[in-house]
Amino acid sequence: MIYIIDHKDSFTHNIVHQFSLFDKEIECEDFNKVNYAKLNKADVIVFSPGPGAPKDYPVSSKIYKKYKCKKKIIGICLGFQQILFNENGKIVKQNKIYHGFQSLISVTNKKSLFSKHKTFKVGRYHSLKLQEPFYAKNFEVTMRCKISKVAMAIENKIDQIYGFQFHPESFLTENGNLLIKKILSA
Amino acid sequence: MKRFMKKNYYLEKLYNSKKPFIAYKVNGGYDLFTDFSDKKYVNKKNILNFFNKFNKKNKKKKILDLYIGFFGYEILCNLNNIKIPKQKNINFPKSIFYKPETKIEIRKNIIIRSTHKNYNNLFGKSSFNTNKILTPFKINIDLNKYKKIFNKFSKKIKEGKTYQIKICTKYKNKSLIDPVTLFWKLMKTNAAPESFMIRDRNFSIVSCSPETLIEKKGQKIITKPIAGTLRKTQKTNIRKALFYFKNNIKETKEHNMIVDMERSDLSKVCIPGTVRLSQKKYVEEYKHLYHYVTKIEGKIKKNTKVRDIIIAMMPGGSVIGCPKISTLNLLNLQEKESRNIFTGSFGFIKFNGDMRFNIIIRAILNYKNISEIAVASGVVIDSNAKNEFNENYIKAKSLIDLYQ
């Protein structure tokens, strides 16, 4: 079962539909109404996109820390930042803001599940970004924006934690389903 | 247009009476509804009860088995568990739905269907209505105030609290109006696909809304968000408009965001895998402008209730901003005056659960002899306060001009 924690975003149900392609059992609830009995049963926890910054969602941080290394964790946009924030990463404002922007990114790390140098178009909706350098045990930044070089994906194969700054569920993202499929089966 | 105004004994009687009626644009003409046997003032307390009317399995299909009316903005917020702080309020009803007993289909010919045998004699006294302006239109937020709000919201965007937000401004005057002549005058210049008119005893609404929010028949549901407006000039045409939208980064980004948001709203009530863009990024041409539109459709999950669909889709995202809930909260903290009908929805729900709803924009609400026209335009990261302020004026102008 996949449990999606919704940060009251307007894109979350696209994620629900996308993950439904790969698992019949999906639960999706607001971050402030999490059902812990169900959450305990989940194999995968997904942190959804949402407005604001990771520090605005202490409940989600708590859940991340509690289930890290116990379940597969996937973060998208704000969820991606949520993971980084809890790994002592700094989330900062960026000069150029990307909302509804389609941009080219590429796989920059050979430790990625995806082949290095692969380039593709993705949909982005973020005001904030990861400040680098960033270092956390077992974490690798694996994808970057072709132009700005901003971190677009992190992978931690050992603890099974993955995150995307872009939106794999957006209609602007090429092969978004494939990305999710690969991560779910990793 | 003439054929809609053509001499018809019944219609002339209707227009000249004081009898409440509703007109709704359909493909190839207009549907008029009247002889209301029920008028429901829907509010926070009775709305769920109201929705239950439509959940009964209704095998018999009758043409008049429907309620037609509107949801105001506030009740749609309430449905999403959003409270609105105290605002300046004219106490206009939050939502009204009518049960019609007579329907007049105005196409090439006029067909009247009624549950009353004597529908031809149900007019009451006739009256002569004229349009009279008592005070000129005034705006509630001037450019300076607008700039302040704009800067505040730009900051919220940089903080990621919202990605797109629409600032609403209102034009008001004191006037006596005859909504029927106003509506047909408007339809001559701008017969937008979601136009409608309500004439009731103590208020009227005249609108040339272009935007379809929900079209549901059986399991199929369609929404057609509009994001992107271009003014028509002698140099533009539909092909050039498409080129403009495609190459304008700001318009493209705004549009993308609305499309992803509406996909997500539909996904709440649709079977996974069925939500698709059936017509992606095309241009609709109107008398004075072009709109950038995407058509999205899906297949409704079994056992989905009318209530679930309304809550999932309303208020329509394209006129609010994104993400919807946090943006609604920001808007409600900012706005000092009730939106009333603006960015609510007008339409009908059939007893079998089928429905059609628009987004109420480009509308005149006349209540207590005050006409108000509300308009909104979007703040995204690269918009410019003065341009958006002016765009608001352009949107209101075609309605203000009706009073001349």
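This is a short tour of a predicted model, stop by stop, with what to select at each one.

Before you click, note that residues are numbered from 1 along each chain as its sequence is written, while chains are lettered from A and ligands numbered from 1 in the order in which they are written. Because the model is predicted, local features need pLDDT of at least 70 and side-chain atom pairs count only at pLDDT 80 or more, whereas totals for chains, interfaces and linings use all residues.

**Stop 1: helix 5 of chain B**

Select residues 143-158 of chain B, which form helix 5. Helices (H or I, at least four residues) and strands (E, at least two) are DSSP runs here, numbered from the N terminus. Helix 5 has 16 residues and spans 22 Å from its first C-alpha to its last, close to the 22 Å expected at 1.5 Å a residue. That expected span is 1.5 Å times one less than the number of residues.

Now colour B:Phe150, B:Phe153, B:Lys156 and B:Ile157, the buried residues of helix 5. A residue is buried if 20 or more other C-beta atoms lie within 10 Å of its own, exposed if 12 or fewer, and partly exposed in between, with C-beta atoms placed from the backbone. Look down the axis of helix 5 of chain B: its buried residues fall within an arc of 115°, so they line one face of the helix. The arc is that of the directions from the helix axis to the C-beta atoms.

Swing round to the other side of helix 5 of chain B, and you'll find B:Asn144, B:Lys148, B:Asn151 and B:Lys155 exposed.

What covers the buried residues? Both chains have a part in it: the cover includes strand 5 (90-107) and strand 6 (119-131) of chain A, together with strand 8 (164-176), helix 10 (324-334), strand 20 (370-379) and helix 11 (385-400) of chain B. Just after helix 5 of chain B, stop at B:Gly160, which takes a positive phi of about 80°.

**Stop 2: where the chains touch**

Show both chains. The contact takes 31 residues from chain B and 28 residues from chain A; two residues are in contact if their C-beta atoms, placed from the backbone, lie within 7 Å. On the side of chain B that touches chain A, helix 5, helix 8 (249-267) and helix 10 of chain B each supply at least two residues. Helix 8 of chain B gives the most, with ten residues. By class, that side of chain B has 13 nonpolar, nine polar and nine charged residues. Ala, Val, Leu, Ile, Met, Phe, Trp, Tyr, Cys and Pro count as nonpolar, Asp, Glu, Lys and Arg as charged, and the others, Gly among them, as polar.

Next, pick helix 1 (residues 12-20) of chain A alongside helix 8 of chain B: their axes come within 7 Å and cross at roughly 60°. Axes are lines fitted to C-alpha atoms, for helices over the stretch in contact, and angles run from 0 to 180 degrees between N-to-C directions. Here A:Thr12, A:His13, A:Asn14, A:Val16 and A:His17 meet B:Asp260, B:Arg263, B:Ser264 and B:Ser267. By class, this helix contact has one nonpolar, six polar and two charged residues.

**Stop 3: helix 9 of chain B and two cis bonds**

Go to helix 9 (residues 306-313) of chain B, where B:Ile309, B:Ile310 and B:Met313 are buried. Seen down the axis of helix 9 of chain B, they fall within an arc of 95°, so they line one face of the helix. Their cover includes helix 4 (73-79), strand 11 (212-217), strand 12 (220-223) and helix 8 of chain B.

Follow the chain to B:Pro315, in the loop between helix 9 and strand 16 (321-322) of chain B. The peptide bond from B:Met314 to B:Pro315 is cis, with omega near -10°. Another cis peptide bond joins B:Cys322 and B:Pro323, with omega about -10°. B:Pro323 sits in the loop between strand 16 and helix 10 of chain B.

**Stop 4: A:Gly75**

Is A:Gly75, in strand 4 (residues 72-76) of chain A, buried or exposed? A:Gly75 is buried, with 28 other C-beta atoms within 10 Å. Now add A:Tyr162: the two are 87 residues apart in sequence and 6.4 Å apart in space, C-alpha to C-alpha.
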